[in-house]
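Below is a short briefing on one molecular model. Read it alongside the sequence and the 3D view.

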Amino acid sequence: MFTCNPTDFNSRININKLEKLGRFGWYRNLVGYYKKQTQRNDMLDLEANDINVFASSVDIPKAISTVNSQAVWCGLNLQPHLISSILLHAKSTLCVDPKLDGIAFYSHQYKTVSKKQIYRGLVTNTHKCDSISAIAYNRISLRLATKFLGYKPTKITSHLTWSFPTSPTDSNVNRDYAPTNWHYDVVGCESLTLNFYITDVRGNNSGPHEYIEKSHGNYTPQTLLFSNNIITADKIEKYFSSSNKIMLFGNAGFGFIENPTCIHRVKPPTTSSRLILQIRYS
């Protein structure tokens, strides 16, 4: 059974304390073994569709092998009509920012809806967007998730997020928009995320996703595994080489697969709003 709410925000954060153990490989292996033993049906019970959602072929074994070794694989590209449909949904559907106590607004209103600076907008009702559902339940998407997890996903959530432009000198963005800090995610003990830029991300100022190669799972230094999931800049400098920091750029529709236990962040946009779709399987 799959669950969903208007923004799936609760699925982004660690509410179940036991799930936080998912940062440790031994616990992920234990959960994976249990789920594999309890699943005996084929993938048809996930109601997979064969809609042609990707603009190019996907080498599933190569993609998952790269995610396992590097944390990220780039090679997913959406069909143009899906990009347009998702962008329309994002512009015509109300957003919320968890820090605004339930105030809803449209993306073009982010400057006027509050006296506070608004850094992000979580688009509501993503489950009502047929294009997002087509991607999430596509047979290739589900095979990618199953290949990575080792079992069929039992939970699928979709997150469509605006990152609104801010001043390069804004000192509050890291405090009020947590994903702009270096961090790793542990949701559902083990998970895989498909990410798609819905707006162009062509330069440092347009809100690129940034990650540290080979910083996932068992590759993460033990001292960081026992610390808060937000990693300070000084620790990043201590444990990782600058050559491991990778920014991802691409036109609207560019997609990548990520093991969310790797250390990553969004670089705050300063020129225009960035929109990203994230589909998480766990």
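Which residues are buried in α5? They are Arg139, Ser141, Leu142, Leu144, Ala145, Thr146, Phe148 and Leu149. This is a predicted model. Its strands include an eight-stranded open sheet and a three-stranded open sheet.

**Helix α5**
- Helix α5 spans residues 139-149, and eight of its eleven residues are buried, so the helix is largely enclosed by the rest of the structure.
- At the start of α5, asparagine 138 places a side-chain oxygen within 2.9 Å of the backbone nitrogen of isoleucine 140.
- Just after α5 comes glycine 150, with a positive phi of about 90 degrees.

**The eight-stranded sheet**
- The strand order is β1-β9-β6-β11-β5-β4-β2-β3, and the pairing is antiparallel.
- β1 (72-77) and β3 (104-105) are the edge strands, each pairing on one side only.
- β2 (residues 95-96) pairs with β4 (residues 120-123) over two bridges, in the antiparallel sense.
- Valine 96 has leucine 122 of β4 as its bridge partner.
- Leucine 122 also has a bridge partner in β5, threonine 161.
- β4 and β5 are joined by three bridges in the antiparallel sense.
- Eight bridges link β5 to β11, again antiparallel.
- In the β5 and β11 pairing, threonine 157 has arginine 280 of β11 as its bridge partner.

**Burial of β5**
- Eight of the eight residues of β5 are buried.
- One side carries Ile156, Ser158, Leu160 and Trp162, and the other carries Thr157, His159, Thr161 and Ser163.
- Both faces of β5 are covered.

**Helices across the sheet**
- Helix α2 (residues 60-70) lies across β1, β6 (192-197) and β9 (254-258).
- The angle of α2 to β1 is about 145 degrees.
- Helix α3 (residues 80-92) lies across β4, β5 (156-163) and β11 (274-281).
- The angle of α3 to β5 is about 70 degrees.

**The three-stranded sheet**
- This open sheet has the order β8-β7-β10, with antiparallel pairing.
- β8 (245-248) and β10 (264-266) stand at the edges with a single partner strand each, so one side of each has no neighbour in the sheet.
- Neighbouring strands here are turned by 20 degrees against each other on average, direction ignored.
- β7 (residues 209-212) pairs with β10 over three bridges in the antiparallel sense.
- Histidine 209 stands opposite valine 266 in β10.

Terms used. Residues numbered from 1 in each chain as written. Predicted model: local features only at pLDDT ≥ 70, side-chain atom pairs only at ≥ 80, totals over all residues. Heavy atoms only, no water. Pairing = 2+ DSSP bridges. Helix = DSSP H or I, 4+ residues; strand = E, 2+ residues; numbered from the N terminus. Contact = heavy atoms within 4.5 Å. Axes fitted to C-alpha atoms, helices over the stretch in contact; angles between N-to-C directions. Buried < 20%, exposed > 50% of the residue type's maximum accessible area, 1.4 Å probe, protein only. Polar contact = N/O pair within 3.5 Å; in protein donor to acceptor, adjacent residues only side chain to side chain.
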